[in-house]
Amino acid sequence: MRLSGAGYLIKQGVRNILNNNIASVATFCVLTVSLLIVGFTALFTLNINSFISGVEDKNEVVIFLTDDADDNYIEELGNKLRADSNISDVVFWSKEEAFDDLKSSMPDAEDIFGYIDENPLPDAYRIKIKDISQMSSTLYAINSYSHIEKVKAPYDFVNILTGLKSAIMVVCVVIFFSLMLVCFVMISNITRASVEMRHREITIMKYVGATDGFIKVPFFIEGLTLGILAGVLASLLTFVGYDRLIALLSTETTLFSAMGSSGFIPLSTFMWKLAVIYIAAGALLASIGTVGSVKKHVKV
Amino acid sequence: MIELRNVSVTYKNGVDALNDVSLKINDGEFAFVVGESGAGKSTLIRLLTREVKADERADVKSVLRVNGFDLMKMKQRDVHKLRRTIGFVFQNFMLIDSMTVYDNVAFVLRCIDAPTKYIRKRVPQVIGLLGLQDKANRYPGQLSGGEQQRVALARALVNNPQLIIADEPTGNLDPRTSVEIVKLLKEINDRGTTVLMVTHEHELVKRMGGRLINIRKGEISFDDRI
């Protein structure tokens, strides 16, 4: 293709946007709103996951050892625990520390502690589980070691959290894909209406010997331009809206802090990635929608 | 040149639109195609432009050639090459309302990726040939029916086609303008372009004279000069 021909096609694509201003505005608005809805759903999912991960980090398992465990074994067990990929924060909690902690937690019972000659508490390890969905298998392995008196773990808490996480993920994925489908159908319908209006133009092009590619290019340029513009606007609105939403949720609700949140995902960590995804998704949705709508008309 | 030998067209719904048609129109000829509604005129046009395909039959060897292209063997991706050798004129003009006369005519050359220099030279030439030089910057809505059809003729001519297919070009025009348009087609034909004109208007055909092809129930019932 000649350079002048390529220039003409690009010019036609941009001119189509201006000539079909109502359809262009409708496509642009639907695209922007769709990207925002899908984007905010994704951000909501990511934040919920982040919150749950924050809560997960607060899990603690205490491994009580029998009195006959000597120092060498205690050290060996500590090394084994540190070597486990699903365990983090391995802290030895000696019987003396445990007794001191107990005493300090019961300041009014000092007299009672005076009657105790020997520390009855066991040595223990306090550990944290990285992936709580794998907690059972990790604890099963720990229980198989010798000199383990008891393993105290927040089983109920873990079950609720794992179930909650799975349920939220399923709901969000369903919502996400349903929204994507709805967006695609809406965009296809709007672009189809816009293409229908230019049926005569396409028919003439076919009759005078234009190739299918030549006919589709201006529509592709049109969809691409609208998609990119919608992606840029959706990015800007998300950047502004996300910070405000965080500010609002932080001041108006205590839900997230009550859940033991590790905080919202900061805008700076995903800003540019999100902008690229928005623009790419907008361009892809609009150009595929537009070119797809032309397909029927080029069969002349 | 158009050559059909034992060509039939059967639509998917089972309708036999053309039945074993044989026909030859030489380069530089002018032929009228007449026939009642549903006789097969439109199918003939659609066949020549490869909008529909001829039946492929094991018992009969069909031949279908237009401007040197073998349409029996033509692949869909090559159809645009055939159409670049044909100029079309439609009953409803089929002009793009948002384009000026100049742009409507230039549109054809732009669609086939002609050089800008050539477009700037060729379009005014053809517009002048059809007496539209004063209307070049007008839009179709600002022109009369006859003028719009002349623009359509200019558009059909601009690519120097070997064949012009005019499908009821006078259907929306008054008798005086109709004669004017057919005279223009004759002039184009005099310059060597083959013209195939489909029409309902028997009176007009009688008045202009020439080769007449009558299609009846999918078959050629008459083909001679009048």
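These are my notebook entries on a sheet in chain B and a helix pair in chain A, both looked up in a predicted model.

**Entry 1: the sheet in chain B**

I began with the strand order, and I found an open sheet of 6 strands in chain B that reads β6-β7-β8-β3-β9-β10, with mixed pairing. I noted that β6 (86-89) and β10 (219-225) of chain B each have a single partner strand, so they stand at the edges and one side of each is left without a neighbour in the sheet. I also looked up the twist, and neighbouring strands of this sheet are turned by 15° against each other on average, direction ignored.

As background, I reminded myself that strands of a sheet pair through backbone hydrogen bonds, either parallel or antiparallel. For β6(B) and β7 (residues 163-167) of chain B the run is parallel, and 4 bridges join the two strands; within this pairing, B:Ile86 has B:Leu163 in β7(B) as its bridge partner.

I then asked which helix packs on the sheet. It is α6 (residues 175-190) of chain B, which touches β3 (30-34), β7 and β8 (194-198) of chain B, and its direction makes about 155° with that of β8(B).

**Entry 2: the helix pair in chain A**

I turned to α7 (residues 155-196) and α11 (residues 267-295) of chain A, which pack at an angle of about 50° with their axes 8 Å apart. This angle makes α7(A) oblique to α11(A), and I recorded the crossing as right-handed.

Among the residues that meet here, I listed A:Phe184, A:Ile187 and A:Arg192 from α7(A), and A:Leu285, A:Gly289 and A:Val294 from α11(A). The residues of this contact divide into 7 nonpolar, 6 polar and 1 charged.

Key. Residues are numbered from 1 along each chain as its sequence is written. Chains are lettered from A and ligands numbered from 1 in the order in which they are written. This is a predicted model: local features need pLDDT of at least 70, side-chain atom pairs count only at pLDDT 80 or more; totals for chains, interfaces and linings use all residues. Two strands pair if DSSP finds at least two bridges between them. Axes are lines fitted to C-alpha atoms, for helices over the stretch in contact, and angles run from 0 to 180 degrees between N-to-C directions. Two residues are in contact if their C-beta atoms, placed from the backbone, lie within 7 Å. Angles under 35 degrees count as roughly parallel, over 145 as roughly antiparallel, 65 to 115 as roughly perpendicular and the rest as oblique. A crossing is left-handed if the near helix is turned anticlockwise from the far one by less than a right angle, and right-handed if clockwise. Ala, Val, Leu, Ile, Met, Phe, Trp, Tyr, Cys and Pro count as nonpolar, Asp, Glu, Lys and Arg as charged, and the others, Gly among them, as polar.
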